[in-house]
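Visitor: I'm new to this structure and would like to learn how to read it. Could you walk me through a few features?

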Amino acid sequence: MHHNARGLLIAACLLAGGAGARLSAQTAPKNNTQYGTSGGQFLLLGAGARGAALGGTFAAVATSDASALYYNPAGIAMMSRPGLLIGTYDYVSGTRYSWAGLAFPFSGGSSAIGLQVGTFGFKDQPIYTIDQPDGTGATYSVSETFIGLTFAKNFSDRFSAGITAKGINDQLASVKGQAFAVDFGTHYHAKLGGRPIQFSFTLANLGSNLGYSGSGLAVGVVRDTSTGGPTQDPQPAEVTTKAFPLPTTFSIALAYDAIHAKSNNLTLLGGFNQPRDNSAGFAFGMEWGFPALGGSKFNAAVRGSYSYAPANNIDVTLPTALNDEENLQGSAFGGGLGYNSDKFRIGLDYAYRYMGVLGGTNFFSVSLGW
């Protein structure tokens with residue numbers, strides 16, 4: 001098994017290196033038609049504070065709680081007991097994102113099913129128009145939601161795979177959009193040098209385009225009377241909108257325990273991702289865990305990561321404040337405390353994620369297992 005793990009590690013490195021070489025060898029397009037062309041960006045906002053702290057590397061270790069439903073559906077097949085996770089954070093400009101997931105192993109732990117819900121938006125914002133710059137007295141709200149159903153299975157003691165079907169609803173005031181997507185993930189775990197090593201391959205948000213309709217697109221069309229023809233009352237019509245693709249992303253992640261002992265574990269993580277609407281990015285992180293504090297059933301962990309996503313055609317060459325914001329964007333850190341007994345498990349996690357010029361955000365989540 002050690003030889004197999006070494007061979008897999010070498011193959012993964014060659015794959016990542018070859019993919020990077022091919023990407024760098026390609027000629028960059030002169031226009032940026034691929035940038036910013038995806039809808040449903042709230043699908044990328046994450047799930048759980050542990051995942052937020054570890055950024056684009058977390059899929060490799062998403063195996064112990066229900067947040068695996070979001071990051072890597074194959075991970076719930078490795079859960080030892082049913083689990084629930086709820087997380088929330090304030091996003092920019094008074095918006096809020098919340099996520100909840102529930103997973104159940106069955107068939108002696110060989111398979112698992114799960115359900116997840118994510119929601120983003122805001123309520124009761126004033127409507128301003130050119131004719132009424134101080135407000136019309138009316139308000140509008142935005143509610144973006146996805147619901148996903150997951151099935152995962154262990155195909156051996158080293159390999160699992162999972163698939164998620166998601167329904168997506170985007171309510172923008174009186175305009176609504178709908179789409180369908182699937183996530184697919186695999187997870188491989190073995191030992192290298194007597195320490196755990198884990199790989200994950202995931203494909204997220206592959207599905208239909210997000211198109212919009214509703215009363216907010218209704219207009220009245222008046223016939224051109226400049227030629228002297230009779231006047232006409234406005235005729236009802238609807239503005240036709242473009243359907244936007246979803247933010248499909250392919251990711252590879254690797255985790256290796258540099259320290260693996262009863263008192264503490266130090267896990268080093270790395271990841272590579274290729275979104276459809278941006279250039280390739282990468283991430284690296286670490287998690288230092290203490291599975292049995294003082295020999296008790298309490299546990300703790302500290303985490304940190306940096307995820308690089310190329311800016312959308314922004315080239316800041318001078319040492320300005322904007323450049324500093326861009327360099328720090330993608331930094332995240334956090335920690336957690338938990339209690340794990342034979343009958344139940346509870347965990348509280350926190351993460352701080354920096355979003356460049358948009359500032360930082362605090363992510364909180366609670367997980368339960370029974």
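Visitor: Which kind of link do the side chains of D349 and R303 meet in?

Guide: Keep in mind that this is a predicted model. A salt bridge needs a side-chain nitrogen of Lys or Arg within 4 Å of a carboxyl oxygen of Asp or Glu. Here, D349 and R303 form a salt bridge, with 2.9 Å from N to O. D349 sits in strand β16 and R303 in strand β14, so their pairing ties together parts that are 46 residues apart in sequence.

Visitor: Which residues are joined into one network by salt bridges that share partners?

Guide: That network is made of R50, E287, R303 and D349. Take E287 and R303: their side chains meet in a salt bridge too, at 2.4 Å from N to O. E287 belongs to strand β13 (residues 281-290) and R303 to strand β14 (residues 298-308), so this pair connects parts 16 residues apart in sequence.

Visitor: Is D349 buried or exposed?

Guide: The cut-off for buried is under 20% relative accessible area, and exposed means over 50%. D349 counts as buried because its relative accessibility is 13%. R303 is buried as well, with a relative accessible area of 9%.

Visitor: And D124, buried or exposed?

Guide: D124 is exposed, because its relative accessible area is 52%. You'll find D124 in strand β3 (residues 111-126). Leaving out residues up to four places away in sequence, D124 touches T139, Y140 and S141.

Visitor: What does D349 touch, with residues up to four places away in sequence not counted?

Guide: Its contacts include A49, R50, R303, F363 and F364.

Visitor: How many salt bridges does a search of the whole structure find?

Guide: The search turns up 5. One of the salt bridges is between K166 and D183, whose closest N and O atoms are 3.2 Å apart. This pair links distant parts of the chain, with K166 in strand β5 (residues 159-172) and D183 in strand β6 (residues 175-192). Both partners, K166 and D183, are buried.

Visitor: How about empty space? Which residues lie nearest the centre of the second largest pocket?

Guide: Rolling a probe the size of a water molecule over the atoms shows where empty space is left. For the second largest pocket, the residues nearest the centre are R50, S64, E287, P291 and N299, out of 40 that line it. Its volume is about 1100 Å³. Strand β16 gives the largest share of the lining, 5 residues. By class, the lining has 14 nonpolar, 18 polar and 8 charged residues.

Methods: Residues are numbered from 1 along each chain as its sequence is written. This is a predicted model: local features need pLDDT of at least 70, side-chain atom pairs count only at pLDDT 80 or more; totals for chains, interfaces and linings use all residues. Side-chain values use heavy atoms; hydrogens and water are left out. Helices (H or I, at least four residues) and strands (E, at least two) are DSSP runs, numbered from the N terminus. Buried means under 20% relative accessible area, exposed over 50%, partly exposed in between (1.4 Å probe, protein chains only). Contact means heavy atoms within 4.5 Å. On a 1 Å grid over the protein atoms alone, a cavity is a set of points where a 1.4 Å probe fits but cannot get out, and a pocket is an open set with protein on both sides within 12 Å along at least five of seven lines; lining residues have an atom within 4 Å of a point. Grid points are joined across faces, edges and corners, and a volume is the space filled by probe spheres set on the points. Ala, Val, Leu, Ile, Met, Phe, Trp, Tyr, Cys and Pro count as nonpolar, Asp, Glu, Lys and Arg as charged, and the others, Gly among them, as polar.
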